[in-house]
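The following exercises are to be worked with the sequence and the coordinates at hand. Each task is followed by a solution in steps.

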Amino acid sequence: MAGRKPKPTALKALQGTLRKDRTNGDEPEPEPLQPDPPVHLSKEAKQYWKETFKLLAGVGVLTEMDADSLSLYCESKARWVHAKKQIEKDGLVIVAQSGFPVQSPWLQIANKAHEQMLKISAEFGMTPSSRSRICVAVKPEDENPFDSI
């Protein structure tokens, strides 16, 4: 099906654009995501899980159904960091067995992981452009100095 992807209801509520007449009444309402990282994640990805979960938990859009997407983001980030370290060590260009200079294979790995991270991070509102479309509906009110009178 062509066209824009529909926004999740939780995201519409955060933006203040939720309308009952345009809301799917049968949309699943999964439980909030627990902070423990899945056991299948690599050691590095588990660390990124903890950091990313802490950032996203306050927004209120993480649910149990998002665990796999967050896992993919964390594994992609771990892969990107590893490839980046290898590039820093070996350089962007290496000498092949034939003696000709060629692009480091780590560059392709880093670029693919970077692309995956950007796609997934946009789904969670973690990029400037995706975040600019979110406005928190409930803002703390400024204190009125005359309220205590």
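**Overall architecture**

Along its sequence, the protein chain of this predicted model follows the pattern α-α-α-β-β-α-α. Its secondary structure thus listed comprises five helices and two strands. Of the 149 residues of the protein chain, 26% count as buried. Among contacts between residues at least 6 apart in sequence, 55% join residues at least 24 apart.

**Exercise 1. Check the end-to-end span of helix α3 against the expected span.**

Step 1. Helix α3 covers residues 67-90, which gives 24 residues.

Step 2. At 1.5 Å a residue, taken over one less than the number of residues, α3 should span 34 Å.

Step 3. The end C-alpha atoms of α3 are 34 Å apart, which agrees.

Step 4. Beyond the helix, α3 is followed by G91, whose phi is positive, near 95°.

**Exercise 2. Determine which residues of α4 are buried and how they are arranged around the axis.**

Step 1. Helix α4 holds the 19 residues 105-123; the expected span is 27 Å and its end C-alpha atoms are 28 Å apart, which agrees.

Step 2. With buried meaning under 20% relative accessible area, the buried residues in α4 are L107, A110, A113, M117, I120 and S121.

Step 3. These residues cover an arc of only 160° around the axis, which puts them on the same side of α4.

Step 4. The underlying rule is that an α-helix has 3.6 residues a turn, so residues three or four places apart point the same way.

Step 5. The face of α4 turned away from the buried side carries the exposed residues Q108, K119 and E123.

Step 6. Just after α4, G125 takes a positive phi of about 75°.

**Exercise 3. Describe how α2 and α3 pack: what is their crossing angle, and which residues make the contact?**

Step 1. The axes of α2 and α3 come within 8 Å and cross at roughly 125°.

Step 2. This angle lies outside the ranges for roughly perpendicular, 65 to 115, and roughly antiparallel, over 145; α2 and α3 are therefore oblique to each other.

Step 3. The crossing of α2 and α3 is right-handed.

Step 4. On the α2 side, the contact is made by E44, A45, Y48, W49, E51, T52, F53 and L56. On the α3 side, A67, L70, S71, Y73, C74, E75, K77, A78 and V81 take part.

Step 5. The buried residues of α3 include A67, L70, Y73, C74 and V81. What covers the buried residues of α3 includes α2 (43-57) and α4.

Note on methods:
Residues are numbered from 1 along each chain as its sequence is written. This is a predicted model: local features need pLDDT of at least 70, side-chain atom pairs count only at pLDDT 80 or more; totals for chains, interfaces and linings use all residues. Side-chain values use heavy atoms; hydrogens and water are left out. Helices (H or I, at least four residues) and strands (E, at least two) are DSSP runs, numbered from the N terminus. Buried means under 20% relative accessible area, exposed over 50%, partly exposed in between (1.4 Å probe, protein chains only). The arc is that of the directions from the helix axis to the C-beta atoms. Contact means heavy atoms within 4.5 Å. Axes are lines fitted to C-alpha atoms, for helices over the stretch in contact, and angles run from 0 to 180 degrees between N-to-C directions. Angles under 35 degrees count as roughly parallel, over 145 as roughly antiparallel, 65 to 115 as roughly perpendicular and the rest as oblique. A crossing is left-handed if the near helix is turned anticlockwise from the far one by less than a right angle, and right-handed if clockwise.
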